[in-house]
Amino acid sequence: MIIPGIIASRFTPQGDFESIATVSVGAGGSSSISFNSIPSTYQHLQLRWIGRTNRAGNASDTVTIALNSDSGANYSYHNLYGDGSAAGAGAGANTTIMYVGWVAGATALSNTFGVGVLDILDYANTNKYKTVRSLTGRENNGSGIVSIESNSWRSTSAVTSLTITSQFGGTYQQHSQFALYGIRG
Amino acid sequence: MPVTYKKIASVTVGAGGATNIEFTNIESTYTDLILLASLRTNHTTVGVGGRLTFNNSATGYSERLLYGTGSVAASANNSGAYIIWSVDGNGTGSTANTFSNVEIYIPNYAGSTNKLISSNLIVENNATAATIYANAGLWSNTAAITSIKITADNGSYIQHSTATLYGISKS
Amino acid sequence: MPATYENIATTTLTSNTTNVEFLNISQAFTDLVLVVSAKDSGTGTVNTNIRVGNGSFDTGSNYSYTFLGGSGSAASSGRSSNITSTLWGAIGTTNNTVAMLHFMNYSNTTTNKTILSRNSLPDQSSGQSVSAWALLWRSTSAINRIQLYPGGQQFASGSTFTLYGIKAA
């Protein structure tokens, strides 16, 4: 069947990388950002963000994520980072939240945000714990950091929600944005 | 107009385990490949290396690695019969039920130049010792990649290990 | 309506080239992903530069970067500030470098632009052979053009540069 060009152009093939939901922080700010009722129909999830909080007295803040509202000591993390002076690595076991990346804090340059790209593979698989990888950084024209972050959630439950907060209790500022994507398998 | 990001094939390891995970007869119609894998083996260490090869070739591989161990950041290089630092899996020495998280990007896989890979992988563990690898790999061979094989360096991949191959198309 | 992940433009060099540019970039997406497979036509490993802009390339001292790198023998980190272009990785002369640059929220007009870069050069040693970068362009203008150039060299014929857009819901 021949589809006229005007109609055909509306049917852009989507492929296997799809947008699920996006949260853009408004003028009032937000202490947390949530993605709920995440469908189990994809194989992998990707979260992409830009963010800034009002963490007082600091140009940096850390994005923290709880999966399925689990606040128990069921997480662990590792990182590989460069802070402009040295490369380093860190770790933490039995943590109560995931530490997944960077955003800007209150004393960062105006209008400057931290960013990240995070991947959860096999997020809906009920036979394995969830392993989370992210590439993230913030740059502040004289300070900054870039890192690869690793986190684990010790639960075989399918991931159905992400709750995003700040490690230091900061409020995400207007124009922060978190976008969730699904990758079909 | 082709879709840009398309699944080519997926492998899930069954109850019997698997020594190898393979993708064969890869079409040349895409521009780049992305391989996403979640791996665990039955070997006793925290992390277990995986041998990545193309077209069943055992020659011409080299790599340059940036890595973190949970306490140390370092770098290394290697050459040999396979890429060893791009497809690690968890071993039984790591936290139970924990699988690695692997991303490999292979640009111009069907072209006539030597083949490159850029990979990021993590082997998580509820302890200090774990692995973060950022790797640059080279297969010094101008043949188009038509098959990819992942082989556990020790032991075999256990049930629920997965690998999915995607094609990325430019218009 | 664009697909979520869509190819915008591709450049494959047919001769050695100093500048590679993407102009009039669609503003319909949320993020851009630039995939580079390139080497230089000169005699040594060089760092590569990027400028961006809206309508014209910003040549002011409005860029900065922080990187994490591995040479194959040592890990390191460095930064530079108030520069007229920013580095994003190293390229060599024998085999290509693979790089992926994420331009996050490139089309908004309220935030400065932060770019993540992940660079892989497997066969030549430099402090940034395997590296990750955070780049900053201190401008709230939307990015509608990108310029890449190797420092003092040219990109070799056959190098490819492919720009993708990712569209959030």
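Chain C and chain A bury about 3,200 Å² between them. Carbon and sulfur atoms give 61% of that area. Keep in mind that this is a predicted model. The contact takes 44 residues from chain C and 43 residues from chain A. On the chain C side, L68(C), R79(C) and L116(C) lose the most area to chain A. Together they make up 18% of what that side buries.

Now the polar part of this interface. There are 23 residue pairs in polar contact between chain C and chain A, counting pairs with both residues at pLDDT 80 or more. How many salt bridges are there between chain C and chain A? The count is 1. The partners are D31(C) and R48(A), with the closest N and O atoms 2.7 Å apart.

Which strand of chain C gives the most to the side that touches chain A? Strand 6, with 8 residues. Strand 6 covers 75-83. Other strands of chain C that supply at least two residues each include strand 1, strand 3 and strand 10 (130-137). By class, this side has 20 nonpolar, 18 polar and 6 charged residues.

Next, chain C against chain B. Here 32 residues of chain C are in contact with 31 residues of chain B. The buried area is about 2,300 Å², and carbon and sulfur atoms give 62% of it. The salt bridge count is 0. Polar contacts come to 15 residue pairs, both residues at pLDDT 80 or more. Among the strands of chain C that give two or more residues to this side are strand 1 (5-12), strand 8 (97-103) and strand 12 (160-166). Strand 1 gives the most, with 5 residues. The chain C side facing chain B divides into 11 nonpolar, 18 polar and 3 charged residues.

On to the empty space. Rolling a probe the size of a water molecule over the atoms shows where empty space is left. The model has 6 cavities of 30 Å³ or more. The largest has a volume of about 360 Å³. Of its 26 lining residues, the closest to the centre are D119(A), E103(B), N120(B), M100(C) and H102(C). Which strand gives the most to this lining? Strand 8 of chain C, with 4 residues. Chains A and B supply strands too, including strand 9 (130-139) of chain A and strand 10 (115-123) of chain B, each with at least two residues. The lining divides into 15 nonpolar, 6 polar and 5 charged residues.

The second largest cavity has a volume of about 50 Å³. Its lining includes P107(B), K115(B), S37(C) and N96(C). By class that is 2 nonpolar, 5 polar and 1 charged for the whole lining.

Last, the pockets. The largest has a volume of about 320 Å³. It is lined by 19 residues, and N108(B), T113(B), N96(C), G158(C) and T160(C) lie nearest its centre. N108(B), T113(B) and N96(C) also line the second largest cavity. The pocket lining has 3 nonpolar, 14 polar and 2 charged residues.

The second largest pocket has a volume of about 160 Å³. Chain A lines it, with Y77(A), Y81(A), Y99(A), W102(A) and E149(A) among the residues. Strand 5 (75-82), strand 7 (98-104) and strand 10 (144-153) of chain A each give two or more residues. The classes here are 5 nonpolar, 4 polar and 1 charged.

Technical notes. Residues are numbered from 1 along each chain as its sequence is written. Chains are lettered from A and ligands numbered from 1 in the order in which they are written. This is a predicted model: local features need pLDDT of at least 70, side-chain atom pairs count only at pLDDT 80 or more; totals for chains, interfaces and linings use all residues. Side-chain values use heavy atoms; hydrogens and water are left out. Contact means heavy atoms within 4.5 Å. Buried area is the accessible area (1.4 Å probe) that two parts lose on being put together, summed over both. A salt bridge is a side-chain nitrogen of Lys or Arg within 4 Å of a carboxyl oxygen of Asp or Glu. A polar contact is a pair of N or O atoms within 3.5 Å; within protein, one must be able to donate a hydrogen and the other to accept it, and residues adjacent in sequence count only if both atoms are side-chain atoms. Ala, Val, Leu, Ile, Met, Phe, Trp, Tyr, Cys and Pro count as nonpolar, Asp, Glu, Lys and Arg as charged, and the others, Gly among them, as polar. On a 1 Å grid over the protein atoms alone, a cavity is a set of points where a 1.4 Å probe fits but cannot get out, and a pocket is an open set with protein on both sides within 12 Å along at least five of seven lines; lining residues have an atom within 4 Å of a point. Grid points are joined across faces, edges and corners, and a volume is the space filled by probe spheres set on the points.
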